[in-house]
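Work through these exercises with the model open. Each task is followed by a solution in steps.

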Amino acid sequence: MTTASINWFRFASPASFFPLAGRLIPWFATSAAILAAVALWLGFAVAPTDATQGEAYRIIFIHVPAAWMSMFIYLVMAFWCAMSLTLNTRLAAMMAQALAPTGALFTFLALWTGALWGKPTWGTYWAWDARMTSELILLFLYFGYMALRHAIDDPRRADRASAVLALVGAVNVPIIYFSVKWWNTLHQGATVSLTTAPKMAAVMLTGMLVMAFAAWFYSIAMALMRVRAIILEREKHTNWVADAARQRAQ
Amino acid sequence: MSLGDFLSMGGYGFYVWGSYLMTGLALAVEIIAVRSRLKAAREQSGDATR
């Protein structure tokens, strides 16, 4: 038996994480593209017409994955914010910073596709019910996080202030998730749950889950690309960036 | 099923394609924005790293 000799903490340094991220991006991006193609094929060519909703239900293949990602990315962002506050590592704050725009994008898409699904099924694009309102608050939390970072010039101070905001806002995520249980909402209850049998046909569920994985890999690829840009932006005056530039020039 | 049937989505074409088109558009904008940010950061740091 061999013991792993990789020192994983090495990758907590931006200088060594930068090339690692660069090597990982093509794998995640390619996986995301393939999975999205499979999910679209399942969603439009294989899955049958829904008995009650007709073809309108096909919005589910992006609405549910987008809504999941909007909440999940926020939790991952809050995790990196907590790491950044407690361990005071630069890379943790950069990861949080890199995730926020992608999280905001999926929150917007969850709201947009939800509105376009709500109109034909409920007769309205929007209602101030608990699920939709708390998801809208999530969008404002992402915007608030990014605006606060932007407003503070000193990056380390921006790290700390925005991390506190992100952690306080994390309380909104369980509110979104459980809103359909806690309140009588126009939005329907959970479609997929770990405790009960799925309320949808297997092929529809499969298409949705494959799309969720596509969204997951897409988010990782985007966050890694963005964190590489952030690393260069914030570390451009350091020796390792200069050394790398010199090696490249030779 | 003809192309016209597929595009009409049983009368729900506006809602279904409105969702998928916005998703595609939003992802395309993000990909372009991130790539250009990385490119700008590379040029700023002296085209340092791969």
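**Exercise 1. Describe the fold of chain A.**

Step 1. Chain A has eight helices and zero strands. Helices (H or I, at least four residues) and strands (E, at least two) are DSSP runs, numbered from the N terminus. The order of elements, read from the N terminus, is α-α-α-α-α-α-α-α.

Step 2. Fix the conventions. Residues are numbered from 1 along each chain as its sequence is written, while chains are lettered from A and ligands numbered from 1 in the order in which they are written. The model is predicted: local features need pLDDT of at least 70, side-chain atom pairs count only at pLDDT 80 or more, and totals for chains, interfaces and linings use all residues.

Step 3. Take the extent. The C-alpha trace of chain A spans about 65 × 40 × 40 Å along its principal axes.

Step 4. Take the burial. Of the 250 residues in chain A, 41% are buried. A residue is buried if 20 or more other C-beta atoms lie within 10 Å of its own, exposed if 12 or fewer, and partly exposed in between, with C-beta atoms placed from the backbone.

Step 5. Look at contact range. Take the contacts in chain A between residues at least 6 apart in sequence: 78% of them join residues at least 24 apart. Two residues are in contact if their C-beta atoms, placed from the backbone, lie within 7 Å.

**Exercise 2. Analyse helix α1 of chain A.**

Step 1. Check the length. Helix α1(A) covers residues 14–46, which is 33 residues. Its first and last C-alpha atoms are 44 Å apart, close to the 48 Å expected at 1.5 Å a residue. The expected span is 1.5 Å times one less than the number of residues.

Step 2. Find the bend. α1(A) has a kink of about 30 degrees at L24(A), shortly before the proline P26(A). The bend is the angle between axes fitted to the seven residues ending at a residue and the seven starting there.

Step 3. List buried positions. Among them are F17(A), F18(A), A21(A), F28(A), A32(A), L35(A) and A36(A). An α-helix has 3.6 residues a turn, so residues three or four places apart point the same way.

Step 4. Name the cover. The buried residues of α1(A) are covered by elements including α2 (60–87), α3 (90–122) and α7 (202–235) of chain A.

**Exercise 3. Is α7 of chain A enclosed or open?**

Step 1. Count. In α7(A), 24 of the 34 residues are buried, so this helix is largely enclosed by the rest of the structure.

Step 2. Check the span. The end C-alpha atoms of α7(A) are 49 Å apart, which agrees with the 50 Å that its 34 residues should span.

**Exercise 4. Characterise chain B.**

Step 1. Chain B has two helices and zero strands. Its radius of gyration is 19 Å, well over the 10 Å that the globule rule gives for 50 residues, so chain B is more spread out than a compact globule. The radius is taken over C-alpha atoms, and the rule is 2.2 Å times the number of residues to the power 0.38.

Step 2. The C-alpha atoms of chain B fill a box of roughly 55 × 20 × 10 Å along the principal axes. Of its 50 residues, 22% are buried.

Step 3. Helix α2(B), residues 13–44, reaches 46 Å from first to last C-alpha, close to the 46 Å expected. Its buried residues are Y15(B), V16(B), S19(B), T23(B), V34(B), L38(B) and A41(B). They pack against α2, α3 and α7 of chain A.

Step 4. Examine the interface. Contacts link 24 residues of chain B to 31 residues of chain A. The chain B side has eleven nonpolar, eight polar and five charged residues. Here Ala, Val, Leu, Ile, Met, Phe, Trp, Tyr, Cys and Pro count as nonpolar, Asp, Glu, Lys and Arg as charged, and the others, Gly among them, as polar.

**Exercise 5. Which residues other than glycine have a positive phi? Include one from each chain.**

Step 1. In chain A, N88(A) has a phi of about 60 degrees. N88(A) lies in the loop between α2 and α3 and is exposed, with 12 C-beta neighbours inside 10 Å.

Step 2. In chain B, M9(B) has a phi near 50 degrees. M9(B) sits in the loop between α1 (3–8) and α2 and is partly exposed.
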